[in-house]
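This report covers one helix pair and one cavity. Please keep the sequence and the 3D view open while reading.

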Amino acid sequence: MALSVFSLTWITLLSLNISYTESVLYFVFYGTITGYNFVKYFAIAKFHHRQLANWLKLIQILSFICFVLMCFYATKMSLKAHIFNIGLAIVTFFYAIPLFSKKNTLRTVVGLKVYIIALVWTGVTVFLPLIALDYKLNTDAVLLGFQRFLFIIVLMLPFEIRDLKFDKPELSTLPQKLGLGKTKLLGIALLTIFFLLEFFKDETQFSFILAMLIVSILTGLLVCFSKIEQNKYYSAFWVESLPILWLILMIYFN
């Protein structure tokens, strides 16, 4: 996942003709590992350090190392970027930690999960690097942010379909509300909008459009062939690796 977020952030820089910036990209990479492990394992670990299994202790050590590296690269970023990042961190924190009660988190709010994830990923991979590099927001940057939001929602659909057998009915996820067929049609519709928005930008390149077309087709196929009983690598590897492929295509075509 960290490589995917790293790739999407680099894609942002390439799309807006911004030079490779190590401090931003590595901050995002290590920050993703730190944040993801916090969200995924906090409910398991909490504060029972002495009772943790060895594998969970290793994850905690890895997370701490990544947190230190994240802080190191954070020192190279602007105050505006940190203020924006604090906002994203607060959302991430309450995604894992109960807000108003002992059980309810933002993740359990009806129908909100996929949009929170898309919002945070868009903030991290589009607007955080632009703010950190003091890039003046323009129409292309806003369109890129909207494209990224749509792409992340579509990318989440195979995970949502896979989790149908685990999610409680009250979560009201897209597959629960729409059913499998309409969820897949929604994914194709959002991908179509995602792709067509590229033609509304003031500046784009044929190589970017070609890479986006290939990724859109592959993403659409993975959404269409998604099912509840998936191979364990279907979403967690093939779907999640699409941003990495997208970055490779953009670099190759350029």
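In this predicted model, H1 packs against helix H6, residues 139–162, at an angle of about 150 degrees. Their axes are 12 Å apart. Angles over 145 degrees count as roughly antiparallel, so H1 is roughly antiparallel to H6. The crossing of the two helices is right-handed.

Which residues make the contact? H1 supplies Leu8, Ile11, Thr12 and Ser15. H6 supplies Leu144, Arg148, Phe151 and Ile152. By class, the contact of H1 with H6 has five nonpolar, two polar and one charged residues.

Now the empty space. The structure holds two cavities of 30 Å³ or more. The second largest cavity has a volume of about 40 Å³. Ile11, Ser15 and Leu144 are among the residues that line this cavity; these residues also take part in the contact of H1 with H6. The lining further includes Glu198, Lys201, Phe208, Met212, Trp246 and Met250.

Which elements give two or more residues to this lining? They are listed here with their residue ranges.

| Element | Residues |
|---|---|
| helix H1 | 2–15 |
| helix H8 | 206–224 |
| helix H10 | 242–253 |

By class, the lining of the second largest cavity has six nonpolar, one polar and two charged residues. Glu198 and Lys201 are the charged ones. Ser15 is the polar one.

To sum up, H1 runs roughly antiparallel to H6, and H1 also gives two or more residues to the lining of the second largest cavity.

How values were computed: Residues numbered from 1 in each chain as written. Predicted model: local features only at pLDDT ≥ 70, side-chain atom pairs only at ≥ 80, totals over all residues. Heavy atoms only, no water. 1 Å grid on protein atoms, 1.4 Å probe; cavity = no way out; pocket = protein on both sides within 12 Å on 5 of 7 lines; lining within 4 Å. Points joined across faces, edges and corners; volume = space filled by probe spheres on them. Helix = DSSP H or I, 4+ residues; strand = E, 2+ residues; numbered from the N terminus. Axes fitted to C-alpha atoms, helices over the stretch in contact; angles between N-to-C directions. Parallel < 35°, antiparallel > 145°, perpendicular 65-115°, else oblique. Left-handed = near helix turned anticlockwise from the far one by under 90°. Contact = heavy atoms within 4.5 Å.
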